[in-house]
Amino acid sequence: MADRNQTVVYLSEQVVVLCSCGLSLLGSLLIISTYIIWSDLRTTPRRLLVYLSVSDCLSAVSYAFGVWRVFHTDSLDCIAQGAISTFANTSSFFWTVAIAVYLYVFIVRSSQRAADSLVLFFHLVSWGVPLAITVAAVSLNKIGYDASEVSVGWCWVRIHTPDRVLWMLLTGKIWEFLAYLTLPVLYILIKRHIHTAHAALSEYRPILANRPSPHSFSSMADMKLTLIPIIFIILRIWSTVRFIMLLAGSSARQNPVLVTLHGIGNTSQGAANCIMFVLLTRPIRTRLCAALCCCSKSRANMQHSHDAPNRLLPGQGASTQREEDNTSRAGTFCGLEDKQRLT
C-alpha cells in the first residue's frame, strides 16, 4: 500500500521548498525583530502578528527538516517532526483568524477594550487547541510516515491509520476550511465599515482640503484588507486540492507541479506576512532603509579611519587624523540619532 501510494519528491522540489522555508523563516524573524527593536510598534495587533510569526517559524523549521530528510519510515525523528509541524501549522491557522477577529471587534465594533479582552482567549485557543490535538494524535500513534500523500516529504498522519481522513481533518484540514470561510467574511465586513465611514465624512473633505491627503495610506490599508484573505487562500489551496484528490482516489495528487505548489504554499506564510506587514508598511520600511543606509555609512567611515594612517600625505599631521577619527566616531551614533528622529 505504501509503495503504491507513495509520492516521489524530486530534488528540484526539495530545493524549491527549502528555499521557501528559508524565506519564511527570515520573514518571520524580521517581523519579530522589528517588534523588539522599536517599542512604539508594540501595539496589540502587531503583538498578535508576532505570535503568528512564532508559529510560522516553527512551521518553516519543521517543514524544512522534513523536506530535507524525505522520510520513508515511522522513525522517532519523523514522529517528532510531524508533531511539531502539526502543532505549528494548526496554531498558525488559529492566530491568522484571531488577528482578523481582533481587527473586526476593534474597527467595526469600535471597542478597543472588548478587542483587548479577547487576547487571553486567543492564547488559550491558538496554543491550547493545537497542543491538545497534537498530544492526542501522538499518544494514539496517529503521527508518522504518510508517504507524502498530502505532504512534501515531511511526516503527518500515518498512512496505515484506518481513520486517517478523520485525523487529517482534526490535525489541520478542518481548521483550514474554517479559515477559508472566516477570513473573507471578516475582512469584507471590515472593508465595508471603513468605506461607509469614509462616505459619511465626505461632506467635510473640502474643509480639510489644505491638510495632507491620507489617500495613499488608506488605499494601502484597503489593499491589505483585500490581499490578506486572498493570499492566504492562494497559498493554502494547493494542499486542499491534494487532500480532495486523496478523498477522490485520484493519482493526480502526485503531479510534480502540484506537489511543488503545495510545498511552496505551506511554507510561505511567514514570507507573505513579512511582505505585507513589514516591506509594504511605509513607516517600518522607512526605518529599515534608514538603518541599513546608516550601517553602510558607519562601516565606510570605520574603514576610512583604519586605512588613513597608511595613506597620510606629507602635509598631513596629527590634527587631520584626529578629524577623521572624530568623523568615524560620529558615524557610530548615526543609528541612534536616526531612530530618535523617526520615533
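1. A nonpolar core, as the term is used in this note, is a set of buried Ala, Val, Leu, Ile, Met, Phe, Trp, Tyr and Cys residues joined through side-chain atoms within 4.5 Å. Please keep in mind while reading that the model is predicted. The largest such core here has 34 residues, and the members touching the most other members are Leu48, Ile99, Leu183 and Tyr187. Helices H3 (44-69), H4, H6, H7 (164-200), H8, H10 (269-279) and H11 (282-307) each give two or more residues to this core. H4 supplies the largest share, with 10 residues. As background, nonpolar side chains in soluble globular proteins tend to be buried together.

2. It may help to look at Leu183 from that core. Leaving aside residues up to four places away in sequence, Leu183 touches Thr96, Val97, Ala100, Pro229 and Phe232. Apart from the largest core lies another one, of 10 residues, with Cys21, Val67, Val152 and Trp154 among them.

3. Now for the chain as a whole. The protein chain has 13 helices and two strands. Of its 343 residues, 43% are buried. Among contacts with a separation of 6 or more, 74% are between residues 24 or more positions apart.

4. Helix H4 deserves a look of its own. H4 covers residues 76-108, 33 residues in total, and its first and last C-alpha atoms are 48 Å apart, close to the expected 48 Å at 1.5 Å a residue. H4 is also mostly covered, since 24 of its 33 residues are buried. After the helix comes Ser110, with a positive phi near 55 degrees.

5. Helix H6 is a good companion to H4. Its 21 residues (119-139) should span 30 Å at 1.5 Å a residue, and the end C-alpha atoms are indeed 30 Å apart, so the two values agree. There is nonetheless a bend of about 25 degrees at Gly128, and Pro130 follows within four residues. Pro130 is also one of the buried residues of H6, alongside Val119, Phe122, Ser126, Ile133, Thr134 and Ala137. An α-helix has 3.6 residues a turn, so residues three or four places apart point the same way. Just after H6, Asn141 has a positive phi of about 60 degrees.

6. On the cysteines: the structure holds one disulfide. Cys78 and Cys155 form this link, with an S to S distance of 1.9 Å. The angle about the S-S bond is -115 degrees, making the link left-handed. Because Cys78 lies in H4 and Cys155 in the loop between strand E1 (143-144) and strand E2 (156-157), the pair ties together parts 77 residues apart in sequence. Both Cys78 and Cys155 are buried.

7. Two other cysteines are worth a glance. Cys57 has a relative accessible area of 12%, so it is buried, as that value is under 20%. Cys293 takes part in no disulfide, and the nearest cysteine sulfur, from Cys289, is 6.4 Å away. With a relative accessible area of 43%, Cys293 is partly exposed.

8. The loop between E1 and E2 has some backbone angles to inspect. As a reminder, most residues other than glycine have a negative phi. Ala147, located in the loop between E1 and E2, has a positive phi near 60 degrees. Ser148 lies in that loop too, and its phi is positive at about 55 degrees although it is not a glycine. Are these residues buried or exposed? Ala147 is buried at 1% relative accessible area, and Ser148 is buried at 5%.

9. Thr267 is a nice polar residue to zoom in on. Thr267 sits in helix H9 (residues 256-267) and is buried, with a relative accessible area of 2%. Where does the side chain of Thr267 reach? Its partner is the backbone oxygen of Gly263, at 2.7 Å. Not counting residues up to four places away in sequence, Thr267 touches Val17, Ser20, Cys21, Ser24 and Tyr63. Cys21 was named above as a member of the core of 10 residues.

10. A last stop is Val241, found in helix H8 (residues 215-248). Val241 counts as partly exposed because its relative accessibility is 28%. The C-alpha atom of Val241 is separated by 9.3 Å from that of Val150, although the two residues are 91 residues apart along the chain.

Notes: Residues are numbered from 1 along each chain as its sequence is written. This is a predicted model: local features need pLDDT of at least 70, side-chain atom pairs count only at pLDDT 80 or more; totals for chains, interfaces and linings use all residues. Side-chain values use heavy atoms; hydrogens and water are left out. The expected span of a helix is 1.5 Å times one less than its number of residues. Buried means under 20% relative accessible area, exposed over 50%, partly exposed in between (1.4 Å probe, protein chains only). The bend at a residue is the angle between axes fitted to the seven residues ending there and the seven starting there. A polar contact is a pair of N or O atoms within 3.5 Å; within protein, one must be able to donate a hydrogen and the other to accept it, and residues adjacent in sequence count only if both atoms are side-chain atoms. Contact means heavy atoms within 4.5 Å. A disulfide is a pair of cysteine sulfur atoms within 2.5 Å.
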